[in-house]
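Dear colleague,

I am passing on the structure we spoke about, and below it you will find an account of what turned up when I went through it. Please read the notes with the coordinates open beside you.

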Amino acid sequence: MGESAGTGNVAPMVAQLLLRACRALDSDVHAARVEIQRALELLPDASVRAHAKPDHLDCSVRGLAPWQAQKVIDHVRANLEAPIRVEEMASVTRLSTSYFFRAFRLSFCMPPHAYVRAVRLARARELLLDSDEQVSWIAVACGFADQAHFSRVFRREMGCTPRRWRRERRGISTEASMASSVLVHER
């Protein structure tokens with residue numbers, strides 16, 4: 001698929017796939033990863049594609065069963081404000097820690113700690129937009145050690161601080177609501 005696509009046609013397709021991945025990232029991490037994988041497969045450089053596929057995973061290990069995946073998801077959501085260890089997640093699924101780690105990675109396309117961080121950041125983004133709570137409160141409520149830790153992780157993942165992200169997102173919604181109220185008053 002990647003070799004047959006012309007170089008001029010690849011950029012728009014990759015851009016479209018990455019756009020879809022960005023939209024899916026907050027709600028469906030697995031779908032986002034699928035779109036990113038498709039985009040990587042379109043790249044003409046074979047060395048990039050070779051690094052995109054995790055060939056180091058043991059093929060004898062299968063992913064988590066649906067009930068196990070759901071148990072992990074529920075456990076993470078229920079304990080978001082507390083430290084969540086891989087051993088706890090493995091015990092919820094009734095698997096050894098090492099087998100769980102490999103099976104989780106196959107099912108979720110990321111290691112368990114990355115999944116927990118992604119869920120924490122998603123919840124933090126919801127709270128930043130939907131509440132007026134202080135950033136320090138949101139950090140603790142989402143399981144980060146403190147505001148500094150939260151801000152560091154948030155900035156690394158989102159490209160800006162939580163306060164700035166909140167201000168920018170609220171500014172967009174405030175401007176949109178002000179524009180719609182102006183239109184209503186003009187009628």
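At what angle do α7 and helix α9 pack, and how far apart are their axes? Bearing in mind that this is a predicted model, the angle between α7 and α9, the latter spanning residues 147-158, comes to about 95 degrees, and the axes lie 11 Å apart. Since angles of 65 to 115 degrees count as roughly perpendicular, α7 is therefore described as roughly perpendicular to α9. On the α7 side the contact is made by R117, L121, A124, R125 and L128, while α9 contributes F150, V153, F154, E157 and M158. By character, the residues of this contact divide into seven nonpolar and three charged, with no polar residue taking part.

As for the chain as a whole, it has 10 helices and zero strands, so that reading from the N terminus on one meets α elements throughout. Buried residues make up 32% of the 187 residues, and the chain exposes about 11,800 Å², of which carbon and sulfur atoms supply 55%. Among contacts with a separation of 6 or more, 54% are between residues 24 or more positions apart.

The interior deserves a closer reading. The largest nonpolar core has 19 residues, and those with the most contacts inside it are L64, V76, M89, F100, F104, F108 and Y115. At least two residues of this core come from each of α4 (66-78), α5 (86-93), α6 (97-108) and α7 (112-130). F100, one of the residues just named, touches L64, V72, V86, M89, A90, T93, L95 and P112 when residues up to four places away in sequence are not counted. Apart from the largest core lies another, of 14 residues, which includes I138, A139, F144 and F154. In soluble globular proteins, nonpolar side chains tend to be buried together. F154 also belongs to the α9 side of the contact with α7 described above.

One loop residue may be worth a look as well. S131 lies between α7 and α8 (135-141), and because its relative accessible area is 14%, S131 counts as buried, the cut-off being under 20%. Leaving aside neighbours within four places in sequence, S131 is in contact with I138, R166 and R170, and I138 is itself among the residues of the core of 14.

With best wishes

Conventions. Residues numbered from 1 in each chain as written. Predicted model: local features only at pLDDT ≥ 70, side-chain atom pairs only at ≥ 80, totals over all residues. Heavy atoms only, no water. Helix = DSSP H or I, 4+ residues; strand = E, 2+ residues; numbered from the N terminus. Buried < 20%, exposed > 50% of the residue type's maximum accessible area, 1.4 Å probe, protein only. Contact = heavy atoms within 4.5 Å. Areas by Shrake-Rupley, 256 points an atom, 1.4 Å probe, with all protein chains shown as cover. Core = buried A, V, L, I, M, F, W, Y, C linked by side-chain atoms within 4.5 Å. Axes fitted to C-alpha atoms, helices over the stretch in contact; angles between N-to-C directions. Parallel < 35°, antiparallel > 145°, perpendicular 65-115°, else oblique. Nonpolar A, V, L, I, M, F, W, Y, C, P; charged D, E, K, R; others polar.
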